[in-house]
Amino acid sequence: MKTSLSRTQTVTKTVIETKGGVVASQHSLAAQAGAAALAAGGDAVDAAVAASFVLGVLEPWMSGPAGGGAMMLWRADKGEAIALNYGMRAPKGLKVSDYPLSGKGKSGDLFPWEEVVDNRNLQGATAVAVPGVVDGLGQAHARWGRMPWADLLAPAIAHAKEGMLVDWYAALIIASTTRELAKDADAAAMFLEDGQWPSIGAWTALAEKRIDQSKMAATLEEIARSGARALYDGDLGAALARDVQDKGGCLSHDDLRAYSATFHPALSFAYRDATLHAVPGLTAGPTLKQALCLAAETELSGSASPDGEAYAAWARGLKSAYVSRLSGMGDTGESTTAPGCTTHFSVVDRQGNMVAMTQTLLSIFGSRVVSPSTGLLLNNGIMWFDPEQGKPNSLGPDKACLMNVCPVLGEAGDTRFAFGASGGRKIVSAVAQLAGFVSDYGMDVGQAFHSPRIDVSGGETLVADETLAPEILARLAEENQVVTTKRTVFPYAFACPAGVMRRGGLNSGCTEIMSPWGDAITEEEMTQ
């Protein structure tokens, strides 16, 4: 395919090794907030709380307090990996009859379900599920946090009071969803200008336009004062539920009061000479395990870097694992071209504690509905369910959503890492290969994140980075329909990862090299 993009441009990200803690996030300011918590003596969990709330303010189309996800935690003192699931749930009052099929074929968003009348499962208040991320953060902080909860929310509150800066990248993202945002008066008032995407000035002008997030700031201040459960048990929860119901949804205050994130033993498994820890249950953790265990059946050739046989083995493992996932776990198909609208960040502190945290609204801008009382952009978690009945993942009341999130911890020799990614069904391919780069070839985090990848997401086509060697592409073509593409800023042909590593007592981190906002920030940088 011909492209207008430069053939000579090279993009790299700097990786720093340090004895101090590191936060790698898809937004630099979120990484800075987390690193500042580490510099103040906080635990990796403290840094995660600070980074998570800042991401909800400054990358609102990806995640936020009204979203869900999952987390992997490594506690260095006990040598223990723990999983925390704060996924979304369908409201108890949901009625399947309110989501009749249109009979017009497949829908056009992330999942090719049969279309529902008015896309009630995709957009609007009828698509809103019970959120979980704030309760998950609260539970993690209650067990391991060392800093006051309110102090950790202070950076997010300050950013919300100032308002998110609309630079070229933010304007691009908002423009991509303008038509849908315009359908909700409160979303339009927050993100659009006269029903259109926000302008950022002339060609050479510096951007100084900001989104009004004052109501979100007030919500965060209440959560800071009263704790995580304020969004569920208190007046905030009542206001949020009332807003959803006023707009036609069925989320109730009882749904919020009943919600609780859950800790689980990690899904731990061997991958060649490494051990990996993932989140069990209705996540992509089981899919990752199956993919890598199948890939490990192919012996490595002994080459210093991944060759055609290694990539072919990862492709076979991923293809087989997705067959099982799409038939047995209920997720019966997701578009591999739709944008994955999730965010991931990873943390390692001085003591070696780690967090790999993924959070999401699901679609870009979630349900494209803003709660006027709270200023929160709401999720569209109901879209995770198949609207056709009689299937493993069929829509129904009070059901947990099947997520593609895949935060993972790994240990190989003296190396430990915490990786994850955004990108919908592309996530597993990225995490599997990054784990393989480190475990099989001894790459450091920078080498792993700069290495070209393939994507196998359950469809017929394998997407390969065009910079892969010709002999690797030829080997992949022996077993797959291969399409090559370039890594770009937008859209992402591959998942968007973020990760940290601890090796020989030194910590480091890296993010997707094409991410214009992503950064790995050390705690030393926040004390200079």
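**Exercise 1.** State in which helix Leu-172 lies, and whether Leu-172 is buried or exposed, or in between.

*Solution.* Leu-172 is found in helix 5, residues 168–176; helices are DSSP runs of H or I with at least four residues, numbered from the N terminus. The structure is a predicted model, in which local features need pLDDT of at least 70 and side-chain atom pairs count only at pLDDT 80 or more, while totals for chains, interfaces and linings use all residues. Residues are numbered from 1 along each chain as its sequence is written, and side-chain values use heavy atoms, with hydrogens and water left out.

Next, the relative accessible area of Leu-172 is 31%, so Leu-172 is partly exposed (buried means under 20%, exposed over 50%, partly exposed in between, with a 1.4 Å probe and protein chains only). Finally, Leu-172 joins Trp-168 and Phe-490 in a nonpolar surface patch of about 290 Å². Such a patch takes residues with over 30% relative accessible area and no salt bridge, nonpolar side chains being joined within 5 Å.

**Exercise 2.** Determine how helix 2 is oriented relative to helix 8 and to helix 4.

*Solution.* Two packed helices are described by the angle between their axes and the distance between the axes. Helix 2 (residues 44–58) packs against helix 8 (residues 214–226) at about 165°, the axes being 11 Å apart. Axes are lines fitted to C-alpha atoms over the stretch in contact, with angles from 0 to 180 degrees between N-to-C directions. The two helices are therefore roughly antiparallel (angles over 145 degrees; under 35 counts as roughly parallel).

For helix 4 (residues 149–162), the axis comes within 8 Å of that of helix 2, and the two cross at roughly 20°. Helix 2 is therefore roughly parallel to helix 4.

**Exercise 3.** Identify the salt-bridge partners of Arg-475 and place Arg-475 and Glu-309 in the chain.

*Solution.* A salt bridge is a side-chain nitrogen of Lys or Arg within 4 Å of a carboxyl oxygen of Asp or Glu. Arg-475 meets Glu-309 in a salt bridge at 2.6 Å, N to O. Arg-475 belongs to helix 15 (residues 470–477) and Glu-309 to helix 12 (residues 308–328), so the pair ties together parts that are 166 residues apart in sequence.

Glu-479 also forms a salt bridge with Arg-475, with the closest N and O atoms 2.8 Å apart. Arg-475 is buried at 14% relative accessible area, whereas Glu-309 is partly exposed at 35%. A network of salt bridges links Glu-309, Arg-316, Arg-475, Glu-478 and Glu-479.

Terms used: Patches are made of residues with over 30% relative accessible area and no salt bridge: like charges are joined within 9 Å, nonpolar side chains (Val, Leu, Ile, Met, Phe, Trp, Tyr) within 5 Å. Accessible areas come from the Shrake-Rupley method with a 1.4 Å probe; for residues, only the protein chains shown count as cover. Angles under 35 degrees count as roughly parallel, over 145 as roughly antiparallel, 65 to 115 as roughly perpendicular and the rest as oblique.
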